[in-house]
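Student: I have just opened this entry and would like to understand the words people use for it. Could you take me through them?

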Protein chains: 2
Amino acid sequence: MTVSRALKDGASIAAKTRNKIMKAVEDLGYVLDQSAGSLSSKRTGFVAVLVPSINNSNFADTARGLTDALQGSGLQLLLGYTDYSVEKEEELIESMLRRRPEAIVVTGGRHTARGRRLLENAGIPVIETWDQPAKPVRHVVGFSNAEAAASLVRHLHGKGYRKIAFIGGTTNRDTRGADRRLGYERAMTALGLKDARVISFGTPPITMQQGGEALARLIEQWPDVEAAICVSDLSAFGALMECHRRKLQVPKRIAIAGFGDFEISRCSYPAITTVGVHCYDIGRRAGELLLRAIEGERKGQPMAAETIITNYAVISREST
Amino acid sequence: MTVSRALKDGASIAAKTRNKIMKAVEDLGYVLDQSAGSLSSKRTGFVAVLVPSINNSNFADTARGLTDALQGSGLQLLLGYTDYSVEKEEELIESMLRRRPEAIVVTGGRHTARGRRLLENAGIPVIETWDQPAKPVRHVVGFSNAEAAASLVRHLHGKGYRKIAFIGGTTNRDTRGADRRLGYERAMTALGLKDARVISFGTPPITMQQGGEALARLIEQWPDVEAAICVSDLSAFGALMECHRRKLQVPKRIAIAGFGDFEISRCSYPAITTVGVHCYDIGRRAGELLLRAIEGERKGQPMAAETIITNYAVISREST
DNA sequence: CTGTTAGCGCATTCAC
DNA sequence: GTGAATGCGCTAACAG
């Protein structure tokens, strides 16, 4: 018991005893066993985080925001990749819960029925991010992808563009991508622009290269198109480079816009108009929310459900 | 005990008993507690993985390769970000070991003295990746960054370039970046090109934007430069876009090359010459190696140290 | 195929 | 400031 205390921080131990213990620890190469500690104390120090993917995506920034927020709290991320599938998400929720995380962060508000049930009954704080679900499980840190995309449509409309197309993936697996398309369609209708031009190409998340190929199709199918909104900056960049190859002037001949404000859209030439969505902040604020929620649980005073809507803004650049 | 068995896969349980148990599990919303299981069975099912960063970097691909390799093995990644610092790495090694991972994967062969000691005494398989250490702790999956960079220099030399510059970060924190610069310098000397032109700009990992700014400096300092090798594709892309802005023709006026074969170098216009390094495969093969090593440990037959050198190759594209 | 016993390595709780 | 007893929830090992 004395050793256990010596290895904690805020315990009262005689300096002499502590030194003796520390020397033994050093000599033996002793390392605390946290699984045993967790079992006994009922605190695992884990936070489960489920993201669709971590490669070339905004979610990497969100994960970093979370990591930073949890810095020094003694909590550790348990990261899982759903690969944009709610079925995979369900499996992951279950396997994560076996590790007894003290909170769980998921991406989006769509889950399988069982996945949702698992979340609801987990007995730990749940945070849904990157979305604004109609019926959240509990806490939310996100924004409406549909509304964000709509605001981009209105922005382009305000600049005089009328024949505006949307480039996205073929399925609705990427629910945020699907929401963006929905927002595009609604905004077009609301503006009296009847002929929505949607190119669906590639399994989400669509790559730079697929963005380029989609642009080729777009030009072929609707040669009179004036502007293309891409489901993400990566595909927008691919589309932009395809324009370079085809000697289509951007934005003179065709305007290109993306979504997400990746570094690439800031640095590319021309720089790409996009919707900035504060990926890092979503993680950061989710982390802060979660710290308060865990604190509440430990004290036996569960936190009331909280919804944080993060900002987004159209960032107008040279490509439109 | 019967319940415990019913929830495993390969146990012999009467179908009737199993159904009864499963029903109770469903009704109660029971979820196994794996920390308790780990304590008892001495298998945590964790694999610790330390990478410098996961944002916009090759390491995200390596992590994905590892994830894929471990798919279905029941092992779960415990990911940590060292932020390119060996001190942070040391801390992370220690905190990871408290979780009793069954293996640990680190990036690079440079560690603090204590970090190395912790790895050596951990009593689990250790894999160093992304490097070819002179004295590995145990297993290695990587390649020589210096040699890879040197081969790029020789490639450019073969194409007729002589005034070849190197753009990298200011410090040696990014040891792989530092190795690449070293390889560049050695190769220049070996080719009889005495005047190495090194631009050090920005804290590693250097961003697209910093790549652009570094190019501006390069042109200013050595207007006669013929080719620039950038420490990574991201900075190469930034440099390329800066050339666009300054109306410097690539590769006519100046050639640009990167490192890492990110998607961006394939898709940008002009496409960027780079060194392909199989990031995903490093993870994948580390994962496979680690599965064998863990299997060996469980059987009490530790695996002999193994070194897997992964391929790299100069990929010549339009930018040179 | 099912059940009993024991113990994994800690932290909680209480006694001194 | 230190220590003894106890149990966290599971699985290994063995018995039946």
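Student: What makes up the surface near DNA strand D, by class?

Tutor: In this predicted model, that surface has eight nonpolar, eight polar and one charged residues. Altogether 17 residues surround DNA strand D, and the closest are A:Ser12, A:Thr17, B:Ser4, B:Gly37 and B:Ser40. Helix 3 of chain A and helix 3 of chain B are the elements that give two or more residues to this surface.

Student: What makes a residue count as near the strand?

Tutor: Its C-beta atom, placed from the backbone, has to lie within 6 Å of the strand.

Student: Which helix gives the most to the surface near DNA strand D?

Tutor: Helix 3 of chain B does, with five residues.

Student: Why are helix 3 of chain A and helix 3 of chain B called oblique to each other?

Tutor: Let's set the value against the cut-offs. The two helices, residues 34-41 in each chain, pack at an angle of about 130 degrees, with their axes 9 Å apart. Roughly perpendicular covers 65 to 115 degrees, and roughly antiparallel needs over 145. An angle of about 130 degrees fits neither range, and therefore the pair is oblique. Their crossing is left-handed.

Student: Which residues meet there?

Tutor: A:Ser35, A:Ala36, A:Ser38 and A:Leu39 meet B:Ser35, B:Ala36, B:Ser38 and B:Leu39. By class, the residues of this contact divide into four nonpolar, four polar and no charged. Ala and Leu count as nonpolar, while Ser counts as polar.

Student: Why are helix 9 of chain A and helix 10 of chain A oblique as well?

Tutor: Helix 9 (residues 208-221) and helix 10 (residues 233-245) of chain A pack at about 55 degrees, with their axes 6 Å apart. Roughly parallel would need an angle under 35 degrees, and roughly perpendicular begins at 65. Helix 9 and helix 10 of chain A are therefore oblique to each other. This crossing is right-handed. Among the residues making the contact are A:Gly211 and A:Leu215 of helix 9, and A:Phe237 and A:Met241 of helix 10. By class, the contact has 10 nonpolar, six polar and one charged residues.

Student: How is chain A divided into domains?

Tutor: Chain A has domain 1 (1-32), domain 2 (42-143 + 279-311) and domain 3 (145-276). The C-alpha centres of domain 2 and domain 3 of chain A lie 30 Å apart. Their contact takes 11 residues from domain 2 and 10 residues from domain 3. On the domain 2 side there are three nonpolar, six polar and two charged residues.

Key: Residues are numbered from 1 along each chain as its sequence is written. Chains are lettered from A and ligands numbered from 1 in the order in which they are written. This is a predicted model: local features need pLDDT of at least 70, side-chain atom pairs count only at pLDDT 80 or more; totals for chains, interfaces and linings use all residues. Axes are lines fitted to C-alpha atoms, for helices over the stretch in contact, and angles run from 0 to 180 degrees between N-to-C directions. Helices (H or I, at least four residues) and strands (E, at least two) are DSSP runs, numbered from the N terminus. A crossing is left-handed if the near helix is turned anticlockwise from the far one by less than a right angle, and right-handed if clockwise. Two residues are in contact if their C-beta atoms, placed from the backbone, lie within 7 Å. Domain bounds come from an automatic or database domain assignment.
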